Amino acid sequence: MDRPIAYDKLAREDRFIRMRARDIAALKVEQGLPPFPDLADRDAIRDRVHGILVGELQAMEGAGRTVYDFPDAPWEFTLDMARQVWDESRHVETYLGLLEHLGGYVGEFPESTILWRCACAEDAAARVAGVNRGLEGLACDVFNQLVHIARKIGDPIIERSVDYVLADEITHVRMGSRWLNELTRGDPERRRRAIEFQETIDERFNLNGTRLDGAHEAVPISIAHEARKLAGFTDEEIARLVKSTQRSQVY
Ligand SMILES: [Fe+2]
Ligand SMILES: [Fe+2]
């Protein structure tokens, strides 16, 4: 098997439609829609849930690749990544159920492979920093907001299901912090590169001003301060993320 696997080689049934994220955004803007689905109504929530579903699928594949790609990593690292594959596969099932609950179906919206392409760092420390702390930190933001919105619109099925998934993502971020520390112990240069990689992921997933520090109803993706603290992010790291979202808005 080649490593990292090319993004267009991920195995999919025919019902999945794959497109570049930037092409999806351009088409949406052409149709008068926001480039990234907000959570303003059930149609937008369905679009978002479909996006999360394919993200979970890629998260499962990414964790599986990490099990495979680093045979010399500590056994407990491999075990944590294998556990994550299992968690992500349950998340896929949960979001398949939620998509059905919302009257949607697989392939109703395109799949972008942007998460997968960010999950292919060559160094294990960079991978856990970028995926487990960057991308799963983003998952904490998105899921925390979705729980809040579901509660507000009175949909306990979405509210509780997503809350269960959020609990897992918090543990995935914690795993990332643990392995970032352990893999880079005594190697500050490797640690610096891994954190830099995470910051490029954070920056990219601010999505040109989509992720912002604001009220859940007011911004497309809100930063989940409390969930991030539970996941082990320091106040300083959260403040740095908030600052980076203010920078991205300038573009
Ligand atoms: Fe997940
Ligand atoms: Fe996860």
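Two exercises with worked solutions follow, on the nonpolar core and on helix packing. The model is predicted: local features need pLDDT of at least 70, side-chain atom pairs count only at pLDDT 80 or more, and totals for chains, interfaces and linings use all residues. Residues are numbered from 1 along each chain as its sequence is written.

**Exercise 1.** Determine which element gives the largest share of the largest nonpolar core.

*Solution.*
1. A nonpolar core is a set of buried Ala, Val, Leu, Ile, Met, Phe, Trp, Tyr and Cys residues joined through C-beta atoms within 7 Å; buried denotes 20 or more other C-beta atoms within 10 Å of a residue's own.
2. The largest such core holds 56 residues, and Cys 140 is among those with the most contacts inside it.
3. Elements giving two or more residues to this core include H2 (42-69), H3 (75-101) and H5 (124-153); helices are DSSP runs (H or I) of at least four residues.
4. The largest share, 16 residues, comes from H5.

**Exercise 2.** Determine how H3 is oriented relative to H6.

*Solution.*
1. The axes, which are lines fitted to C-alpha atoms over the stretch in contact, give angles from 0 to 180 degrees between N-to-C directions.
2. H3 and H6 pack at about 160°, with axes 10 Å apart.
3. Angles over 145 degrees count as roughly antiparallel, so H3 is roughly antiparallel to H6.
4. In the contact (C-beta atoms within 7 Å), residues of H3 including Phe 77 and His 91 meet residues of H6 including Ile 157 and Trp 179.

Technical notes
Chains lettered and ligands numbered in written order. Buried ≥ 20, exposed ≤ 12 C-beta atoms within 10 Å, placed from the backbone. Parallel < 35°, antiparallel > 145°, perpendicular 65-115°, else oblique. Contact = placed C-beta atoms within 7 Å.
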